[in-house]
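Here are my notes on the model, written as numbered points. Please read them with the structure open.

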Amino acid sequence: MSRAEIRAEIVGTGRYLPERVFTNADMERLVETSDEWIRERTGIRERRIAEEGTTTAGMGLEAAREALADAGVTPEEVDVLMVSTATPDRWLPSTACELQAALGTHNAFAFDLHAACSGFLYNLSMAEGYLALGKGDVALVVATELMSGILNWEDRATCVLFGDGAGAAVLRRSEGERGIVSHHFGSDGTLAGLLHRPAGGIRKPLDQEGLLKREHMVQMAGREIFKSAVRAMCDASAHALEKAGITGDDVDLMVPHQANMRILEATARYAKIPMDRVYVNLDRYGNMSSASIPVALDECLREGRIQPGDTVLSPAFGAGLTWGATVFQF
Ligand code: UT7
C-alpha cells in the first residue's frame with residue numbers, strides 16, 4: 001500500500017442501539033412468517049426497534065457524542081459534520097443541522113448526504129477529500145437510521161429485514177500510514193424502482209389512496225435486489241482491493257454492510273476471504289441501512305477485533321442503486 005495515498009484516518013467511533021430487542025418470535029406474532037424462514041434466508045435472529053418518541057437525530061446524537069469522546073475531540077474542533085440517513089425526522093432542514101445544534105459543533109458546516117445503505121462509505125469519501133485538500137482538520141460522519149418508521153409492518157417481505165441504530169466516526173487528516181487506502185463506488189439510477197418509497201415526495205404526494213396502500217413505506221423487489229447486491233459488492237470489493245494493491249489474502253477483516261448472510265458469504269467467497277475473517281452482527285441487529293458499517297466498525301475496534309496495523313475491507317450496497325467498497329488501514 002502506498003503511504004502517499006493515505007489522506008484521512010478514523011480516530012474515534014461510536015454507536016447507539018435502541019434497547020428494545022425485537023426477536024423473530026415477536027415477528028411471528030405480527031406477520032405470516034417463521035423464525036426458521038428468517039434465519040435461513042437472511043441470518044437475522046433479532047433486531048433493535050426504537051421506542052415511540054425516539055428520533056433519528058436523537059440516535060445520531062448519542063453515537064456522535066461517543067465518537068467524539070473516543071477521539072478526544074471537542075465539538076468546537078469539528079470542521080465539517082456530515083449525516084447519512086434515509087429516515088430524516090423532517091424534510092427540512094437537514095438532520096445534520098439538527099445534530100450540529102444539539103452537539104454544539106458551532107464551527108462546523110453541516111449537511112446530509114444521502115446514498116441509502118451505501119451512505120456511510122459515500123460520506124467517508126467526501127470527508128476524506130475535504131480533509132485531504134487541507135480545507136479542515138476534523139470531520140464527523142454520522143449514519144443514523146430509524147428504519148422501523150418507514151416499514152410497512154404488514155409486508156413480511158420487508159419488515160423482518162431491518163432494524164434501528166446509529167454509528168459515527170471522527171476523521172482527521174492522516175500523517176502516518178493509517179487511514180483510508182482506497183475506495184470504489186458506483187450507482188445505477190435506472191434500477192431505482194427496485195427499492196424505494198413510491199409516495200410522500202414531490203412527484204407523488206401522499207394522498208388517501210397512497211396512505212391506505214402504504215406507498216410511503218419501503219417497497220423492495222427482494223430477489224432482484226439480492227442479485228444486484230451480490231454482483232455490485234463483489235465488483236466494488238475487487239476494484240477497491242486492486243486500487244490498494246492488495247488481494248483478499250491481505251485483508252485481516254471484512255466489515256461489510258449487513259443485509260443478508262448469503263450476500264456476505266457470496267461477497268467474501270468472491271474476494272477469497274474466509275468467513276472467520278468476516279464480521280457479522282446482522283443476526284443481532286438486522287439491516288440498519290447506512291448505520292450497519294459504522295456500528296460494526298465501532299464494535300470491532302472496542303472489542304479488539306480490529307488491531308493497529310490491520311487491513312479492513314468494507315463493501316456496501318443499497319437503494320439507488322448505490323454501492324461501494326473502502327479499504328482501511330488501522
Ligand atoms: O440493504 C440493501 C438492500 N436489501 C437487501 O440487500 C436485501 C436483498 N434481498 C434479500 O435479502 C432476499 O431476497 C430476501 C431475504 C428479501 C428474500 O429472500 P429470497 O430467498 O430472495 O426469497 P423470495 O423473495 O424469493 O421469496 C421466497 C418465498 C416467497 O413465497 P413463494 O412465492 O415462494 O410462495 C415469499 O412470499 O418466501 C416468501 N416470503 C416469506 N416467507 C416467510 C417472503 N418473505 C417472507 C417472510 N416469511 N418474511
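The points below go through the sheets, the helix packing and a few single residues of this predicted model.

1. Start with the five-stranded sheet. It is open, its strands come in the order β1-β7-β6-β4-β5, and the pairing is mixed. The edges are β1 (8-16) and β5, each of which pairs on one side only. On average, neighbouring strands are turned by 15° against each other, direction ignored.

2. Two pairings of β4 can be followed in this sheet. Strand β4 (residues 80-84) runs parallel to β6 (residues 138-145), and five bridges join β4 to β6; V80 has A139 as its bridge partner in β6. Strand β5 (residues 109-112) is also parallel to β4, here with four bridges. In that pairing, M82 is bridged to F111.

3. How does the chain get from β4 to β5? It passes through helix α4 (residues 95-103), and the resulting β-α-β crossover is right-handed. The loop between β4 and α4 holds P93, and the peptide bond joining L92 to P93 is cis, with omega at about 0°. I would look at this bond in the viewer.

4. S94 is in that loop too, between β4 and α4. Leaving aside residues up to four places away in sequence, S94 touches A110, F111 and D112. Is S94 buried or exposed? Its relative accessibility is 19%, and the limit for buried is under 20%, so S94 counts as buried. F111 appears twice in these notes: it is a contact of S94 and the bridge partner of M82.

5. After β5 comes another backbone point. A116 lies in the loop between β5 and α5 (119-132). Its phi is near 50°, a positive value in a residue other than glycine. A116 has a relative accessible area of 8% and is therefore buried.

6. Helix α11 (residues 292-302) packs on the five-stranded sheet, where it touches β1, β6 and β7 (165-173). The direction of α11 makes about 100° with that of β1.

7. M59 is worth a separate point. This residue belongs to helix α3 (residues 56-71), and its relative accessible area is 0%, so it is buried. Not counting residues up to four places away in sequence, M59 touches Y16, P18, T54, T144, E145, L146, D164, G165 and A166. Between M59 and G189, which are 130 residues apart along the chain, the C-alpha separation is 29 Å.

8. The second sheet to describe has four strands. It is open, with the order β8-β13-β12-β11 and mixed pairing. Strands β8 (179-187) and β11 (253-254) are its edges, each pairing on one side only. Within the sheet, β12 (residues 311-318) and β13 (residues 322-329) run antiparallel and are joined by eight bridges. P315 has A325 as its bridge partner in β13. Helix α8 packs on this sheet and touches β8, β12 and β13, and its direction makes about 140° with that of β8.

9. Check the link between β12 and β13 as well. L321 is found in the loop between these strands, and the peptide bond from G320 to L321 is cis, with omega near -10°.

10. Helix α8 (residues 222-244) also meets helix α9 (residues 261-271). How are the two placed? Their axes come within 9 Å and cross at roughly 35°, and the crossing is right-handed. On the α8 side, F226, A229, V230, M233, C234, S237, A238 and L241 take part; on the α9 side, the residues are R262, I263, A266, T267, Y270 and A271. By class, this contact has 11 nonpolar, two polar and one charged residues.

11. The last point concerns R214, in the loop between α7 (208-212) and β10 (219-220). R214 has a phi near 55°, which is positive in a residue other than glycine. Its relative accessibility is 31%, so R214 counts as partly exposed, whereas A116, the other positive-phi residue in these notes, is buried.

How values were computed:
Residues numbered from 1 in each chain as written. Predicted model: local features only at pLDDT ≥ 70, side-chain atom pairs only at ≥ 80, totals over all residues. Heavy atoms only, no water. Axes fitted to C-alpha atoms, helices over the stretch in contact; angles between N-to-C directions. Left-handed = near helix turned anticlockwise from the far one by under 90°. Contact = heavy atoms within 4.5 Å. Nonpolar A, V, L, I, M, F, W, Y, C, P; charged D, E, K, R; others polar. Pairing = 2+ DSSP bridges. Right-handed = clockwise from strand over helix to strand, strands pointing away. Buried < 20%, exposed > 50% of the residue type's maximum accessible area, 1.4 Å probe, protein only.
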